[in-house]
Amino acid sequence: MLKIETSSGDTNIRGDLKKIEIKSSFGKITLDTTSVESLNVETSSGDANINGDFKDIYIISTHGKITANIYAKSDVQISIETTSADAEFNFENVRQVSTTGSTSSGEISNNLPVKSDGYIANIRYKTTFGDITIN
């Protein structure tokens, strides 16, 4: 397992790891990998850019924008909590997205086209002001 905690430095990770935990206050997080079983990202105001195949993702963001490009090789479980941060999920190889959660002032939009094959992405969300977009 790789565990990183930083206050203001940027974090760039490339490669395949089973589990990754990242906590950052202000630094930007960039993750580019092909296969990760478990990803835990917590950021206060730094943006996070996530690319790869993941099975289980947990994201907390207060102000940082989250951008995730996910190529699924199996069903994906995502939990996301935002305060005033926007999140955008772009999926490849996913046929269906299931969403459950709550928003105070934020909005969630699912623009994923219907497909006949691929995997299912299950997204649990809680957002106060941020918008969540699924493409």
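Me: How are helices and strands defined here, and where does Lys 73 lie?

Reply: Helices (H or I, at least four residues) and strands (E, at least two) are DSSP runs, numbered from the N terminus. Lys 73 lies in the loop between β8, which spans 66-71, and β9, which spans 76-82. This is a predicted model, in which local features need pLDDT of at least 70 and side-chain atom pairs count only at pLDDT 80 or more, while totals for chains, interfaces and linings use all residues. Residues are numbered from 1 along each chain as its sequence is written, and side-chain values use heavy atoms, with hydrogens and water left out.

Me: Is Lys 73 buried, exposed or partly exposed?

Reply: Buried means under 20% relative accessible area and exposed means over 50%, with partly exposed in between (1.4 Å probe, protein chains only). Lys 73 counts as partly exposed because its relative accessibility is 47%. Across the protein, buried residues make up 39% of the 135 residues.

Me: Which residues does Lys 73 touch, not counting those up to four places away in sequence?

Reply: A contact means heavy atoms within 4.5 Å, and by that rule Lys 73 touches Thr 34, Asp 53 and Tyr 119. Lys 73 and Thr 34 are 39 residues apart in sequence, and their C-alpha atoms are 9.9 Å apart in space.

Me: How many helices and strands are there in the protein?

Reply: The protein has 0 helices and 14 strands. Its C-alpha atoms fill a box of roughly 45 × 35 × 15 Å, taken along the principal axes.
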